[in-house]
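Work through the exercises below with the model in view. Try each task before reading its solution.

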Amino acid sequence: MADPKHPRHYDEAFKRKIVQLYESGKPSRETGAEYDIARSTLRRWVQDIRNSGFTRAADDRTPEQNEPVGPGRRDRQLEMEVDVSEQAAPVLARK
């Protein structure tokens, strides 16, 4: 097993291959032993792929978070900045 101070990193293709083996009926105990992967890691990969289609938590974002920084998103960001400025102006004026 991996050293806790130096965890292993697997690429997406490898994770998908392992999940496919599991979903095709190969027991997690055998898969884990054959590829030296903890069963909890395998279960997490399976759950992540079932939930979001990806094994990385960073890919479990909302559609708005995945939206590129374009005119629509930039406009919303600027609107939020203006709102904050308007709310802060009276507070800063008192000082």
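The exercises go from the overall fold to single residues.

This is a predicted model, in which local features need pLDDT of at least 70 and side-chain atom pairs count only at pLDDT 80 or more, while totals for chains, interfaces and linings use all residues. Residues are numbered from 1 along each chain as its sequence is written, and side-chain values use heavy atoms, with hydrogens and water left out.

**Exercise 1. Describe the overall make-up of the protein.**

Step 1. Look for helices and strands. Both are DSSP runs, numbered from the N terminus: helices are H or I with at least four residues, strands are E with at least two. The protein has five helices and zero strands. Along the sequence the pattern reads α-α-α-α-α.

Step 2. Turn to burial. A residue is buried under 20% relative accessible area, exposed over 50%, and partly exposed in between (1.4 Å probe, protein chains only). The protein has 95 residues, and 16% of them count as buried.

Step 3. Check the contacts, meaning heavy atoms within 4.5 Å. Of the contacts with a separation of 6 or more, 47% join residues 24 or more positions apart.

**Exercise 2. Find the salt bridges and place their partners.**

Step 1. Apply the rule: a side-chain nitrogen of Lys or Arg lies within 4 Å of a carboxyl oxygen of Asp or Glu. Side chains of opposite charge can pair when their charged atoms come close. The whole structure holds three salt bridges.

Step 2. Start in helix 1. Glu12 pairs with Arg16, with the closest N and O atoms 3.5 Å apart. The two are separated by about one helical turn because they sit four residues apart in helix 1 (residues 12-23). Glu12 has 17% relative accessibility, so it counts as buried. Arg16, at 31%, is partly exposed.

Step 3. Go between helices. Arg50 and Glu23 meet at 3.4 Å, N to O. Arg50 is in helix 3 and Glu23 in helix 1, so this pair ties together parts 27 residues apart in sequence. Arg50 is exposed at 53%. Glu23 is partly exposed at 45%.

Step 4. Add Glu34 and Lys26. Their closest N and O atoms are 2.3 Å apart.

**Exercise 3. Which residue that is not a glycine has a positive phi of about 55 degrees?**

Step 1. Recall the background. Most residues other than glycine have a negative phi.

Step 2. Name the residue. Asp36 has the positive phi.

Step 3. Place it. Asp36 is in the loop between helix 2 (28-35) and helix 3. With a relative accessible area of 31%, Asp36 is partly exposed.

**Exercise 4. Compare the surroundings of Ser28 and Gly53.**

Step 1. Take Ser28, in helix 2. Its relative accessibility is 14%, so Ser28 counts as buried. Leaving aside neighbours within four places in sequence, Ser28 contacts Tyr22, Arg39 and Leu42.

Step 2. Take Gly53, in the loop between helix 3 (39-52) and helix 4 (63-66). Gly53 is partly exposed, with a relative accessible area of 25%. Not counting residues up to four places away, Gly53 touches Arg16 and Asp48.

Step 3. Follow the link to Arg16. Gly53 and Arg16 are 37 residues apart along the chain, and their C-alpha atoms are separated by 9.8 Å.

**Exercise 5. Where does Asp83 lie?**

Step 1. Find the helix. Asp83 lies in helix 5 (residues 71-94).

Step 2. Read its accessibility. At 41%, Asp83 counts as partly exposed.
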